[in-house]
Amino acid sequence: MPGWCAAYSCSNERTVEMRKQGITFHKFPKDDSLRKKWEVALRREGFTATNNSILCSQHFKQADFDRTGQIVRLRNGVIPSLFSFPVHLQKLVKDRTTSTSRRAEESLFMASEDSPEMATSNQQPQPNEEHGYALPASLTALKTRLNEALERVEILEREKKNAISREKRAKMTVKSVLGELREKNLINEELSEKLSFHSDLKMDFVPKQGHEYTQDCEEFALTLHLHGPKAYKYLRETRHFPLPHPQTLQSVCS
């Protein structure tokens, strides 16, 4: 089902092209408490998620995903945390008003004047006197943002690499793969002849609607797994072709 990511200023749409880029989409949790936390994290005034509301994978940390199965899933209880909010939606802190807090800030300022390491962190945005608020710009906050940015870059690089690999696999057909399997003596001529019936089949095995494989894909996978399990394991675990898990094939047979 098509749909747009519900995050602020995110224009990602759930399409085949997005999937090829390694971007996945995830529905809001059914649990009311967790769904409310997702809605709060989005910081969209008046927004209430529906059963069709979705978020794309770009708003979750790498550790939030479970990639052990055929389908990328979110781990239980995770909350989206990667967003590009404008200034007016960023979390604000009130300007210090008590004498104790002012003395603490003055002490911090004096320490930063004496310490070269603190000098750079002293260059903070000035408070907005009209509203009495100031953006948090402590050294710890800056380091946290930097680490999040670096983590995001690493995720994007990994997703780009995976997308390139998927694109290469998508261009390969069963015919080209059979030649490789014969060279490695993983299949015999008899099995190669049986599988040649699927010569034009693309090796980009993507389930329809995220659940069922096409009949051609199932027939090829079942034949190869039944008569050439070593070849099946090689394609799935070494070459990383998205072949169905053996347990999936067992359920198909049953």
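**Exercise 1. Contacts and overall make-up**

Task: State what share of the contacts between residues at least 6 apart in sequence join residues at least 24 apart, and describe the make-up of the protein.

Solution.
1. In this predicted model, 61% of the contacts between residues at least 6 apart in sequence join residues at least 24 apart.
2. The protein has 10 helices and six strands.
3. Of its 254 residues, 31% are buried.

**Exercise 2. The two sides of helix H2**

Task: Determine which residues of helix H2 are buried, which are exposed on the other side, and what the buried ones pack against.

Solution.
1. Helix H2 spans residues 32-42, and its buried residues are Leu34, Arg35, Trp38, Glu39, Ala41 and Leu42.
2. These residues lie on the same side of H2, because they cover an arc of only 160° around the axis.
3. The general background is that an α-helix has 3.6 residues a turn, so residues three or four places apart point the same way.
4. Asp32 and Val40 are exposed on the other side of H2.
5. The packing partners of the buried residues are strand E1 (25-27), strand E2 (54-56) and strand E4 (73-74).

**Exercise 3. The ends of H2**

Task: Describe what caps the N-terminal end of H2 and what follows the helix.

Solution.
1. The N-terminal cap is aspartate 31, which has a side-chain oxygen 3.3 Å from the backbone nitrogen of serine 33.
2. After H2 comes arginine 43, with a positive phi near 55°.

**Exercise 4. A buried charge**

Task: Glutamate 39 is buried yet has no salt bridge. Find the nearest side chain of opposite charge, and list the polar partner and the contacts of glutamate 39.

Solution.
1. Glutamate 39 lies in helix H2.
2. Lysine 36 is the nearest side chain of opposite charge, 4.2 Å away.
3. A salt bridge requires a side-chain nitrogen of Lys or Arg within 4 Å of a carboxyl oxygen of Asp or Glu, and glutamate 39 has none.
4. A polar atom of the glutamate 39 side chain lies 2.9 Å from the backbone nitrogen of alanine 49.
5. Leaving aside residues up to four places away in sequence, glutamate 39 touches Phe28, Phe47, Thr48 and Ala49.

**Exercise 5. Aromatic pairs around H2**

Task: The whole structure holds four aromatic pairs. Characterise the pair of phenylalanine 28 and phenylalanine 47 and the pair of tryptophan 38 and phenylalanine 60, then name the cluster that includes these residues.

Solution.
1. A search of the whole structure finds four aromatic pairs.
2. Phenylalanine 28 and phenylalanine 47 make a tilted pair, 5.9 Å centre to centre with 50° between the planes.
3. This pair links distant parts of the chain: phenylalanine 28 is in the loop between E1 and H2, and phenylalanine 47, 19 residues apart from it, is in the loop between H2 and E2.
4. Both phenylalanine 28 and phenylalanine 47 are buried.
5. Tryptophan 38 and phenylalanine 60 also form a tilted pair, at 5.4 Å centre to centre and 55° between the planes.
6. Here too distant parts of the chain are linked: tryptophan 38 is in helix H2, while phenylalanine 60 is in the loop between E2 and strand E3 (65-66), and the two are 22 residues apart.
7. Tryptophan 38 counts as buried because its relative accessibility is 2%; phenylalanine 60 counts as buried because its value is 0%.
8. One aromatic cluster is formed by Phe28, Trp38, Phe47, Phe60 and Phe65.

**Exercise 6. Salt bridges**

Task: Identify the two salt bridges, and state how the partners of each are placed along the chain.

Solution.
1. The count comes to two salt bridges.
2. Arginine 158 bridges to glutamate 154, with the closest N and O atoms 2.9 Å apart.
3. These two residues are four apart in helix H5 (residues 139-171), so about one helical turn separates them.
4. Arginine 158 is partly exposed at 33% relative accessibility, and glutamate 154 is partly exposed at 48%.
5. Arginine 239 bridges to glutamate 180, with the closest N and O atoms 2.5 Å apart.
6. Because arginine 239 lies in the loop between H9 and helix H10 (246-253) and glutamate 180 in helix H6 (residues 174-183), the pair ties together parts that are 59 residues apart in sequence.
7. Arginine 239 is partly exposed, with a relative accessible area of 26%, whereas glutamate 180 is buried at 17%.

Note on methods:
Residues are numbered from 1 along each chain as its sequence is written. This is a predicted model: local features need pLDDT of at least 70, side-chain atom pairs count only at pLDDT 80 or more; totals for chains, interfaces and linings use all residues. Side-chain values use heavy atoms; hydrogens and water are left out. Buried means under 20% relative accessible area, exposed over 50%, partly exposed in between (1.4 Å probe, protein chains only). The arc is that of the directions from the helix axis to the C-beta atoms. Contact means heavy atoms within 4.5 Å. A polar contact is a pair of N or O atoms within 3.5 Å; within protein, one must be able to donate a hydrogen and the other to accept it, and residues adjacent in sequence count only if both atoms are side-chain atoms. Lys and Arg count as positive and Asp and Glu as negative; His and the chain ends are not counted. Rings of Phe, Tyr and Trp (its six-membered ring) pair if their centres lie within 6.5 Å; planes under 30 degrees apart count as stacked, over 60 as edge-to-face and the rest as tilted.
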